[in-house]
Amino acid sequence: MNDNAKVFSLIEMREMMIDTSDYQMMEEVGEFTGTLEMKAQGHKKSICIFLTLDDGRKIITPIFWWQTYLGFYYMPIGTKLRLFYSESNQNKVYLEKIEIIENV
């Protein structure tokens with residue numbers, strides 16, 4: 001994996017003092033465009049995706065192994081994306097699919 005596609009561990013994020021306090025969980029259903037900023041290991045075979053939407057919002061989204069990580073695992077940081085958020089049967093918002101607009 002190239003360094004531009006790195007998935008940080010929680011330990012690495014602490015050691016590097018990476019501040020994610022500006023990022024909020026996505027709570028809105030719909031289609032959005034944004035840029036991949038960072039990836040980190042999550043819980044239970046997930047990764048957390050940090051994105052900046054074109055409207056300036058900073059969001060965090062968990063992606064799971066059963067989604068085959070939606071291709072994010074090896075995706076380069078800086079990739080421009082179209083994001084499709086849906087609501088689950090449990091009334092939770094999740095990232096259903098993506099389209100790559102521009103690779104870095």
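**Figure 1. Confidence, element by element, in this predicted model.** Helix 1 (residues 10-15) has the lowest mean pLDDT among the elements of the chain, at 84. At the other end of the ranking sits strand 5 (residues 80-87), with the highest mean, 97. Taken over the whole chain, pLDDT averages 90, and 97% of the residues score at least 70. A general word for anyone zooming in: where pLDDT is low, the predicted coordinates should not be read in detail.

**Figure 2. One helix and six strands make up the elements of the chain.** Start at the N terminus and you meet them in the order α-β-β-β-β-β-β. The radius of gyration is 13 Å, close to the 13 Å that the globule rule gives for 104 residues, so the chain is as compact as a globular protein of that length. Along its principal axes, the C-alpha trace spans about 35 × 30 × 25 Å. Take the contacts with a separation of 6 or more: residues 24 or more positions apart account for 53% of them.

**Figure 3. The surface of the chain, and what is tucked away from it.** About 6600 Å² of the chain is exposed, and carbon and sulfur atoms supply 50% of that area. Buried residues make up 38% of the 104 residues. As for charge, the chain carries 11 positive and 15 negative charges, and the mean positions of the two sets are 6 Å apart.

**Figure 4. Gln67 and Thr68 in the loop between strand 4 and strand 5.** Strand 4 covers residues 58-64. Gln67 is buried, because its relative accessible area is 10%, under the 20% cut-off. Leaving aside neighbours within four places in sequence, Gln67 is in contact with Pro62, Tyr94 and Leu95. Thr68, by contrast, is exposed, with a relative accessible area of 61%. Check the backbone of Thr68 too: phi is positive, about 50°, although this residue is not a glycine.

**Figure 5. Lys45 in the loop between strand 2 and strand 3.** Here the flanking elements are strand 2 (30-41) and strand 3 (46-53). Lys45 is exposed, with a relative accessible area of 60%; that counts as exposed because the value is over 50%. Its phi is positive, about 60°, and Lys45 is not a glycine. For background, most residues other than glycine have a negative phi.

Terms used. Residues are numbered from 1 along each chain as its sequence is written. This is a predicted model: local features need pLDDT of at least 70, side-chain atom pairs count only at pLDDT 80 or more; totals for chains, interfaces and linings use all residues. Side-chain values use heavy atoms; hydrogens and water are left out. Helices (H or I, at least four residues) and strands (E, at least two) are DSSP runs, numbered from the N terminus. The radius of gyration is taken over C-alpha atoms; the globule rule is 2.2 Å times the number of residues to the power 0.38. Buried means under 20% relative accessible area, exposed over 50%, partly exposed in between (1.4 Å probe, protein chains only). Contact means heavy atoms within 4.5 Å. Accessible areas come from the Shrake-Rupley method with a 1.4 Å probe; for residues, only the protein chains shown count as cover. Lys and Arg count as positive and Asp and Glu as negative; His and the chain ends are not counted. The place of a charge is taken as NZ of Lys, CZ of Arg, CG of Asp or CD of Glu. pLDDT is the predictor's confidence in each residue, from 0 to 100.
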